[in-house]
Amino acid sequence: MKLLIDFSFYIREGWANFTRSRMLSIFSILIISVSIAIITLFSTVFFNVDTYLKGMENNPVYSIFLTPDTSAKEGKDLALYLETLKGVSNVKLVLPDEGMKKLAKRFPLAGEIQSSIEENPLPISIRLRINTTAVASVKQVLKPYSIVESIYSPHFFLSQLKSLSSAVSFFIALIAVILILASIFTIYNVIRITILARQNDIAIMQLVGADMKYIRAPFTIEGTLQGLFGGILGALFGSGLISVIRAHYLAHFQYLPFLSRITSLPLSYFAGIILLSITMGLFGSTLAASRIDYV
Amino acid sequence: MIHFFHVSKVYEKGNRALHEVNVSIGKGEFVFLTGPSGAGKTTFLKLIFREELPSYGRVVANNQNTIALGKRQIPDFRKKIGVVFQDFKLLENRTVFENIVFILKVLGYPASFLRDRAFYVLKLVGLQHRYNDYPRQLSGGEQQRIAIARALVNEPLILLADEPTGNLDPDLSLEIMALFEKINSRGTTVLIATHDREMIKQMRKRTLHLDHGHLQEHRK
């Protein structure tokens, strides 16, 4: 019961402090919200790249390119045979015209080149999904087929993308750490300023026998509130920014299709980001409040 | 209750406030501390509630040596001492009622007790009708009475008052002194620093006289 009474006292005093130093609180919230917005932006990119890579990893799409003199019938027969193999799914025969249409849709320049040379240089190909455990056996089965020119495996591209993604993730994590430290530093300084502004009140409280927890806790609550509001504002601002970027810029990235399909973060991620912001507020203000010394 | 053993207090630049003070004040005593301005009265009080530490000697209040008190023990030590400060030290951004209730809250009193107790002490100092005003809206005398109410609210074992009637008219001063006597009659040790000689004469209590840091005693 005592704990509950004390806690309600801290909350009320913390809220009173928060509203009393309104300008400082707003300043702190704005700084935190900018940091959180950038973190939200980065997290969204990271989340989408990660989802895309996982999707590719779990369901890799292979392309089997056939020699230029292969007829459509030979291609169709091979496709039908592949469908019967274990671990193979989504087999689709792609004729040169259809292949060029797809290429031109993703890379308009390729379409222009094709129309200028008036000849379609693309061979017949077969697109299919192969279960990772069946890849070796499928390759073995295809070896005797002289019409198979090459097999395109997404793994090289995937591993390249993964190493690029981990390099970018490291960079993002580094920036996030800097932003988190900057926010904690801001909250620390704002709370220090409010402590200095209320030094007289603090001295009075101490002289009448107030325990340190009664003096320090409201400042901790004040910083935590700044973290909470900064977090909510930053997450909203960040997700709004993503919507704008997606609608105005990413929609035109045809050759990186996953960018145009970028999705907002799931609610659990938003909750995590706001929790991070609250923790920043709690940490910065606790650090500042711990420097109040006994009179 | 309060003991000074060979206490000297020297501030920076060698400014000596108290010199070799030896005195004992028993439980339930009513004592005046008098002397001219700058004699060391405020320092004497500050040493008791450990706002200051002696440069030499030892101060024992409520059976606790103030030098030996750890930082974390200070709040508990002060909870048993009510202080009326010369400059009132009221919380400017809180109402009269909040100023008094705040003490009870930080001392851990239950919520049900706060309101009744706060109004009781406000009634004692005759300011229950100003409960919703802020200190800046009160006169000097009213602020002083609020400071007295705040010092009394948790029924301390020791009550220290630094010039508590300095801003009050003679009639009100007598009323406040009667209030201090009433508190004292309940067993609280009362020590009042004042240079109001007329008051001291009328009250006929034990008087400690400080002059340039030296203590002399007059028993009536």
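This text walks through one helix and several charged pairs of a predicted model. Local features need pLDDT of at least 70, and side-chain atom pairs count only at pLDDT 80 or more. Residues are numbered from 1 along each chain as its sequence is written.

Start with chain A. An automatic or database domain assignment divides chain A into domain 1 (2-56 + 158-289) and domain 2 (61-152). The C-alpha centres of these two domains lie 49 Å apart.

Now find helix α3 of chain A, residues 72-83. Helices here are DSSP runs (H or I, at least four residues), and strands are runs of E (at least two), numbered from the N terminus. Which residues of α3(A) are buried, that is, under 20% relative accessible area (exposed is over 50%, partly exposed in between; 1.4 Å probe, protein chains only)? They are Gly75(A), Leu78(A), Ala79(A) and Leu82(A). They sit on the same side of α3(A), because they cover an arc of only 100° around the axis (taken from the directions from the helix axis to the C-beta atoms). The face turned away from that buried side carries the exposed Lys73(A) and Lys76(A).

Next come the charges. Side chains of opposite charge can pair when their charged atoms come close. A salt bridge is a side-chain nitrogen of Lys or Arg within 4 Å of a carboxyl oxygen of Asp or Glu. The structure holds 16 of them over all chains. In one, Asp50(A) meets Lys54(A) at 3.1 Å, N to O. Both lie in helix α2 of chain A, 4 residues apart, about one turn of the helix.

In chain B, Arg206(B) and Glu29(B) pair at 3.0 Å, N to O. This pair links distant parts of the chain, 177 residues apart. Arg206(B) is buried, at 7%.

How values were computed: Chains are lettered from A and ligands numbered from 1 in the order in which they are written. Side-chain values use heavy atoms; hydrogens and water are left out. The expected span of a helix is 1.5 Å times one less than its number of residues.
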